[in-house]
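Please open the model in a viewer with residue selection at hand. The tour below proceeds by selections, each followed by a description of what is found there.

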Amino acid sequence: MIPLPTPRGALTPNRPLADLTWLRVGGPADVLFQPADLADLCAFLAALDPAVPVFPMGVGSNLIVRDGGLHAVVIRLGRNFNGIEINGDRVTAGAAALDAHVARKSAEAGRDLTFLRTIPGSVGGAVRMNAGCYGHYVADVLEEIQIVTRDGTLQTLPAAALNLRYRQSDLAVGAVIVSATFRAPQGDPASLTARMEDQLAKRDASQPTKERSAGSTFRNPLGRSSTGAADDTHELKAWKVIDAAGMRGARRGGAQMSEMHSNFLINAGGATAADLEELGEDVRKRVFQHSGITLEWEIMRVGEPAAK
């Protein structure tokens with residue numbers, strides 16, 4: 001093992017990651033680093049051998065860690081990175097702040113970031129993936145972010161530098177998002193709260209929110225998320241082409257494509273990361289055979305398979 005700097009935060013070697021992901025699967029990280037604060041993060045990365053890979057990890061809501069684990073220093077931001085400040089129409093949130101919490105706090109202040117309410121995960125992941133639903137995306141409201149680069153430098157980047165697009169961004173490898181600033185439209189707090197409650201009710205009625213999942217498994221071939229509007233087309237939705245290929249409810253080991261929403265991959269009990277990923281590949285193969293459409297993963301998959 002390459003010698004590591006000694007930070008003020010917690011440094012845990014060979015740390016299992018399964019309990020840090022929503023799917024509850026995966027092997028250990030070589031090292032898990034939980035920085036004490038921003039200065040600690042900057043100093044650690046500045047002193048860390050540039051050859052050592054780092055992987056910023058949020059709350060694991062959109063992630064499969066493979067069974068052999070992740071050969072990297074995994075960086076997980078904690079409570080010192082989850083603050084939310086609202087000044088006029090500007091909402092600045094730490095990367096570890098939960099999307100739902102940002103939406104609620106903003107609504108209380110009469111600022112509309114309601115689309116974040118039903119998005120699982122934290123702000124850092126939402127920015128990296130340009131998260132969105134109901135026709136609204138992070139790209140619509142993001143002003144700038146702060147990152148710590150792989151060499152420990154703190155930088156402020158305008159939203160335009162990220163080239164945000166459907167479930168993608170151009171963030172540099174190894175960069176750790178530490179905060180994001182949004183320009184949030186004004187709204188009536190009561191109306192915003194009512195809208196979020198309606199969105200939650202719709203989500204809970206159509207998605208397996210009580211199951212162990214990582215949200216949508218595949219990107220919509222249509223190239224955008226559902227709008228929720230009455231005229232929303234379903235023909236090139238991921239769930240639609242999965243249904244057409246007969247893969248709703250399909251299983252492999254402890255993994256299953258949800259009966260409730262066929263674009264949700266769930267750990268139905270005792271699944272391994274390999275079960276989940278292989279079932280996803282089964283779905284991609286069957287969809288391609290049926291319709292000629294190549295589904296692209298929305299869930300991030302990292303690490304090494306288990307040794308044979």
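Begin with helix α5 (residues 189–206) and colour L192, M196, Q199 and L200: the buried residues of α5 are these, and they pack against α2 (99–108). The model shown is a predicted one, in which local features need pLDDT of at least 70 and side-chain atom pairs count only at pLDDT 80 or more, while totals for chains, interfaces and linings use all residues. Residues are numbered from 1 along each chain as its sequence is written, and side-chain values use heavy atoms, with hydrogens and water left out.

**Helix α5**

Keep α5 selected and turn the view to look down its axis. The buried residues of α5 fall within an arc of 100°, so they line one face of the helix; the arc is that of the directions from the helix axis to the C-beta atoms. Buried means under 20% relative accessible area, exposed over 50%, and partly exposed in between (1.4 Å probe, protein chains only). Now add A190, E197 and A205, which are exposed on the other side of α5. Viewed from the side, α5 has 18 residues and reaches 26 Å from its first C-alpha to its last, close to the 26 Å expected at 1.5 Å a residue. The expected span of a helix is 1.5 Å times one less than its number of residues. Helices (H or I, at least four residues) and strands (E, at least two) are DSSP runs, numbered from the N terminus.

**The sheet that includes β1**

Next select β1, β2, β5 and β3. These 4 strands form an open sheet in the order β1-β2-β5-β3, with mixed pairing. Its edge strands are β1 (10–16) and β3 (54–57), each of which pairs on one side only. From one strand to the next, the twist averages 30°. Two strands pair if DSSP finds at least two bridges between them.

Restrict the selection to β1 and β2 (residues 28–34), which pair in the antiparallel sense over 6 bridges. Here L11 stands opposite F33 in β2. Move along β1 to P13, a residue of this strand that counts as exposed at 58% relative accessibility. P13 touches A29, D30 and V31, not counting residues up to four places away in sequence; contact means heavy atoms within 4.5 Å. The C-alpha atoms of P13 and A29 are separated by 7.4 Å, although the two residues are 16 apart along the chain. N14 also lies in β1. N14 has a positive phi of about 50° although it is not a glycine, and at 54% relative accessibility it counts as exposed.

Then select T21, in the loop between β1 and β2. Is T21 buried or exposed? At 0% relative accessibility, T21 counts as buried. Leaving aside neighbours within four places in sequence, T21 is in contact with M57, V59, G60, L63 and V65.

**A hairpin and a loop residue**

Proceed to β6 (residues 84–87) and β7 (residues 90–94), which pair in the antiparallel sense over 4 bridges. The bridge partner of E85 is T92 in β7. The two strands, β6 and β7, form a hairpin with 2 residues between them, and G88 in the turn has a positive phi of about 60°.

For another positive phi, select N130, where the value is near 45° in a residue other than glycine. N130 is found in the loop between α3 (123–128) and β8 (132–133), and it is buried, with a relative accessible area of 3%.

**The sheet that includes β13**

Now display β13, β16, β15 and β14, an open sheet of 4 strands in the order β13-β16-β15-β14 with antiparallel pairing. The edge strands are β13 and β14 (251–252), each pairing on one side only. β13 and β16 (residues 264–267) pair over 3 bridges, and the bridge partner of S216 is F264 in β16. Add α7, which lies across β14, β15 (255–257) and β16, running at about 35° to β15. Axes are lines fitted to C-alpha atoms, for helices over the stretch in contact, and angles run from 0 to 180 degrees between N-to-C directions.

**An aromatic pair**

Finish with F218 and W297. The structure holds 2 aromatic pairs. F218 and W297 form a tilted pair, 5.1 Å centre to centre with 55° between the planes. Rings of Phe, Tyr and Trp (its six-membered ring) pair if their centres lie within 6.5 Å; planes under 30 degrees apart count as stacked, over 60 as edge-to-face and the rest as tilted. F218 lies in the loop between β13 (212–216) and α6 (238–244), and W297 in the loop between α7 (273–291) and β17 (300–302), so the pair ties together parts that are 79 residues apart in sequence. Both F218 and W297 are buried.
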